[in-house]
Amino acid sequence: MRRRTFHCTKFGDYMKKSKFEPENYVFYNGGTCMDKIRYINMCIVEFGRKFGMPASMSFNYLKEHKALAFLDECYAAEHTLSLEDALEDIQTISRRYGGTI
């Protein structure tokens, strides 16, 4: 059976595929799409912990204030920084787009 490969360039592209299988990932800038998803998820959870909110509320806040789009577009640079630097960056982006935290 021939293995299908997916080119994942944007967060969530894997959901558009009819059959999701982790082994079908192609490499993305030295990592896999799953690495990117795990990193963004970690940022969501840690942002929530930092400000005392559940992960679902943190996700909604970051999505509404464009921080998730920022993490998606700038993943190649952001994942090389410390977690504290990344959290500061998404807090700055959120403020720029109307966030109050």
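**Figure 1. Ring pairs gather F47, F51 and Y61 into a cluster.** This close-up comes from a predicted model. The structure holds three aromatic pairs, and a pair of this kind is described by the distance of the ring centres and the angle of the planes. F47 and Y61 make a stacked pair, with 5.8 Å from centre to centre and 15° between the planes. Because F47 belongs to helix 2 and Y61 to helix 3, their pairing ties together parts that are 14 residues apart in sequence. Have a look at how covered these two rings are: F47 is buried, with a relative accessible area of 0%, and Y61 counts as buried at 11% relative accessibility.

**Figure 2. Helix 2 and helix 3 cross at roughly 105°.** Here the view takes in the two helices that carry F47 and Y61. Helix 2 covers residues 33-50 and helix 3 covers residues 55-64, and their axes come within 8 Å. The crossing angle makes helix 2 roughly perpendicular to helix 3, because angles of 65 to 115 degrees count as such. On the helix 2 side, the residues that meet helix 3 are I44, V45, F47 and G48. Their partners in helix 3 are A55, S58, F59, Y61 and L62. Sorted by class, this contact has seven nonpolar residues, two polar ones and no charged ones.

**Figure 3. Y39 and Y75 form an edge-to-face aromatic pair.** The two ring centres are 5.7 Å apart, and the planes make an angle of 65°. This pair links distant parts of the chain, since Y39 sits in helix 2 and Y75 in helix 5 (residues 75-78), 36 residues apart. Y39 counts as buried at 10% relative accessibility, and Y75 counts as buried at 7%. Both values fall under the 20% cut-off, so neither tyrosine counts as exposed.

**Figure 4. Helix 2 from its first residue to the glycine just beyond it.** Helix 2 has 18 residues and reaches 26 Å from its first C-alpha to its last, which is close to the 26 Å expected at 1.5 Å a residue. Which residues of this helix are buried? They are C33, K36, I37, Y39, I40, C43, I44, F47 and G48. When you follow that list along the helix, it helps to recall that an α-helix has 3.6 residues a turn, so residues three or four places apart point the same way. Just after helix 2 comes G52, which takes a positive phi of about 65°.

**Figure 5. S94 sits buried in helix 6.** Helix 6 covers residues 83-96. The relative accessible area of S94 is 0%, so this serine counts as buried. What does S94 touch, leaving aside residues up to four places away in sequence? The partners are Y61, L62, H65, A67 and G99. Two names on that list, Y61 and L62, are also among the helix 3 residues that meet helix 2.

**Figure 6. The whole chain, to place the close-ups.** The chain has six helices and two strands, and along the sequence they follow the pattern α-β-β-α-α-α-α-α. Of its 101 residues, 39% count as buried. Among contacts in the chain with a separation of 6 or more, 54% come from residues 24 or more positions apart. The Y39 and Y75 pair, 36 residues apart, is one link between distant parts of the chain.

Notes: Residues numbered from 1 in each chain as written. Predicted model: local features only at pLDDT ≥ 70, side-chain atom pairs only at ≥ 80, totals over all residues. Heavy atoms only, no water. Axes fitted to C-alpha atoms, helices over the stretch in contact; angles between N-to-C directions. Helix = DSSP H or I, 4+ residues; strand = E, 2+ residues; numbered from the N terminus. Parallel < 35°, antiparallel > 145°, perpendicular 65-115°, else oblique. Contact = heavy atoms within 4.5 Å. Nonpolar A, V, L, I, M, F, W, Y, C, P; charged D, E, K, R; others polar. Phe/Tyr/Trp six-rings, centres within 6.5 Å; stacked < 30°, edge-to-face > 60°. Buried < 20%, exposed > 50% of the residue type's maximum accessible area, 1.4 Å probe, protein only. Expected span 1.5 Å × (residues − 1).
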